[in-house]
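Please open the model in a viewer and keep the selection panel at hand. The tour below proceeds from one selection to the next.

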Amino acid sequence: TSDLPIYTLEEVTKHCSLDSGVWVTYKGAVYDITEFVAVHPGGDKILLAAGGALEPYWALYAVHQQDHVLEILSEYKIGVL
Ligand code: HEM
């Protein structure tokens, strides 16, 4: 169970830039990764997923299929879909 707020996909899509904030979804949860963008080891590519789902990109870049990456992501969780 989670006490975090529920967001719509429409709300997520509004957060698609560093100005508006960078939100992404992963497996039904919503993450505000704005602060992580500048320290991402893969650089600005991360912005391709801004306002949408991580899954298609993480399928392409399998380097993300590691526990330590999911631990980083979990720190930025703000809600659920
Ligand atoms: C590498 C995190 C989104 C592209 C990495 C690494 C981490 C990370 C921790 C280093 C992994 C390692 O070497 O062990 C994240 C997180 C993301 C995210 C937390 C979302 C919140 C993305 C997206 C893309 C991407 C959306 C592409 C569209 C890459 C690439 C690398 C990488 C290309 C390899 C960089 C290199 O080693 O030269 N990411 N990533 N990442 N990421 Fe991401």
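Which residues does Tyr26 touch, not counting residues up to four places away in sequence? Select Tyr26 together with Tyr31, Leu54, Glu55 and Leu73: these four are its contacts, where a contact requires C-beta atoms, placed from the backbone, within 7 Å. Tyr26 belongs to strand S2; strands (E, at least two residues) and helices (H or I, at least four) are DSSP runs, numbered from the N terminus. Tyr26 counts as partly exposed because it has 17 C-beta neighbours inside 10 Å; a residue with 20 or more such neighbours is buried, one with 12 or fewer is exposed, and partly exposed lies in between. To see how the chain returns to this place, add Lys77: it is 51 residues from Tyr26 along the chain, yet their C-alpha atoms are separated by 9.7 Å.

**Conventions and confidence**

This is a predicted model, in which local features need pLDDT of at least 70, side-chain atom pairs count only at pLDDT 80 or more, and totals for chains, interfaces and linings use all residues. Residues are numbered from 1 along each chain as its sequence is written. Colour the protein chain by pLDDT, the predictor's confidence in each residue from 0 to 100: the mean is 96, and 98% of the residues reach 70 or more. The model scores ipTM 0.96 and pTM 0.95.

**The whole chain**

Switch to a cartoon view of the protein chain, which has 3 helices and 4 strands. Along the sequence they follow the pattern α-β-β-β-α-α-β. The radius of gyration, taken over C-alpha atoms, is 12 Å, close to the 12 Å that the globule rule (2.2 Å times the number of residues to the power 0.38) gives for 81 residues, so the chain is as compact as a globular protein of that length. Along the principal axes, its C-alpha atoms fill a box of roughly 30 × 30 × 20 Å. Buried residues make up 15% of the 81 residues. Among contacts with a separation of 6 or more, 64% join residues 24 or more positions apart.

**The sheet**

Next, select the strands. They form an open sheet of 4 strands in the order S1-S2-S3-S4, with antiparallel pairing; two strands pair if DSSP finds at least two bridges between them. S1 (16-17) and S4 are the edge strands, each pairing on one side only.

Select S2 (residues 21-26) and S3 (residues 29-32), which run antiparallel and are joined by 4 bridges. Within this pair, Trp23 stands opposite Asp32, and Thr25 has Val30 as its bridge partner. Then add S4 (residues 77-80), which pairs with S3 over 3 bridges, again in the antiparallel sense. Here Ala29 stands opposite Val80.

**The turn at Lys27**

Zoom in on the hairpin of S2 and S3, which has 2 residues between the strands. Lys27 lies in this loop and has a positive phi of about 50 degrees although it is not a glycine. Lys27 is exposed, with 11 other C-beta atoms within 10 Å.

**Around the ligand**

Finally, select the ligand and the 19 residues around it, of which Pro41, Gly42, Lys45, Ala49 and Tyr57 come nearest; a residue is near if its C-beta atom, placed from the backbone, lies within 6 Å. Helix H3 (residues 67-74) gives the most to this shell, with 3 residues. By class, the shell has 14 nonpolar, 4 polar and 1 charged residues. Ala, Val, Leu, Ile, Met, Phe, Trp, Tyr, Cys and Pro count as nonpolar, Asp, Glu, Lys and Arg as charged, and the others, Gly among them, as polar.

Conventions:
Two residues are in contact if their C-beta atoms, placed from the backbone, lie within 7 Å.
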